[in-house]
Amino acid sequence: MQFATDVAVFTCIRCPLGCPVEVSFAEDGTVAEVSGHTCKRGAEYAAQEAVSPERMVTAVLPVAGCLEPVSVKTSQPVPKGRMADVLAALSALRLEGPVSAGAVLIEDVCRTGVAVIATKSVP
């Protein structure tokens with residue numbers, strides 16, 4: 001049997017309930033127990049958040065020759081600690097129209113293995 005040495009508390013964001021979820025850690029730093037969740041998704045979220053938090057990154061970028069910016073997002077969540085790097089890479093991106101929704105703008109942003117895609121079309 002493993003004994004918990006530390007506890008982290010999160011508010012689950014997987015549904016509107018916002019359950020307070022506690023994650024207990026084993027001595028080796030792994031997740032020992034998750035409690036307080038009302039669904040399986042809450043338990044998965046808290047365990048992931050406790051060990052390796054990730055976030056989707058969204059932004060709007062200017063397009064040369066177009067008054068309307070293009071909205072972009074990462075295709076998957078990126079490590080929370082890399083968000084500033086991803087945003088810097090997006091800021092350095094120079095786009096020219098037309099840009100189509102679904103177009104991959106960066107294949108592997110900041111070597112995370114995650115693509116950046118356009119979420120709307122602009123001329």
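## Cysteines and salt bridges in a two-domain chain

Cysteine 15 is partly exposed, with a relative accessible area of 24%. The model in which this residue is described is a predicted one, and the values that follow are computed from its atoms.

The structure holds zero disulfides. Cysteine 15 accordingly takes part in none, and the cysteine sulfur nearest to its own, which belongs to cysteine 39, is 5.2 Å away. Seen from the other side, the closest cysteine sulfur to that of cysteine 39 is the one in cysteine 15, and the separation of 5.2 Å is too far for a bond, because a disulfide requires the two sulfur atoms to be within 2.5 Å. Cysteine 39 is also classed as partly exposed, at 25% relative accessibility.

With regard to the overall layout, the protein chain is divided into domain 1, covering residues 6-51, and domain 2, covering residues 58-118. The C-alpha centres of domain 1 and domain 2 are 30 Å apart.

The count of salt bridges comes to four, and the table gives three pairs that are included in it, each with the distance between nitrogen and oxygen.

| Acidic residue | Basic residue | N to O distance |
|---|---|---|
| Glutamate 44 | Lysine 40 | 4.0 Å |
| Glutamate 68 | Lysine 120 | 2.6 Å |
| Aspartate 85 | Arginine 82 | 3.1 Å |

Glutamate 44 and lysine 40 both belong to helix H1, which spans residues 40-51, and since they are four residues apart, about one helical turn separates them. Lysine 40 is exposed, with a relative accessible area of 63%, whereas glutamate 44 counts as partly exposed at 43%.

What parts of the chain does the salt bridge between glutamate 68 and lysine 120 tie together? Glutamate 68 lies in strand E6, which covers residues 66-74, while lysine 120 lies in the segment after strand E10 (116-118), so the pair ties together parts that are 52 residues apart in sequence. Glutamate 68 is partly exposed, at 38% relative accessibility, and lysine 120 is likewise partly exposed, with a relative accessible area of 27%.

In the remaining pair of the table, aspartate 85 forms its salt bridge with arginine 82, the closest N and O atoms being 3.1 Å apart. Aspartate 85 is partly exposed, with a relative accessible area of 37%, and arginine 82 also counts as partly exposed, at 29% relative accessibility.

How values were computed. Residues numbered from 1 in each chain as written. Predicted model: local features only at pLDDT ≥ 70, side-chain atom pairs only at ≥ 80, totals over all residues. Heavy atoms only, no water. Domains from an automatic or database assignment. Buried < 20%, exposed > 50% of the residue type's maximum accessible area, 1.4 Å probe, protein only. Salt bridge = Lys/Arg side-chain N within 4 Å of Asp/Glu carboxyl O. Helix = DSSP H or I, 4+ residues; strand = E, 2+ residues; numbered from the N terminus.
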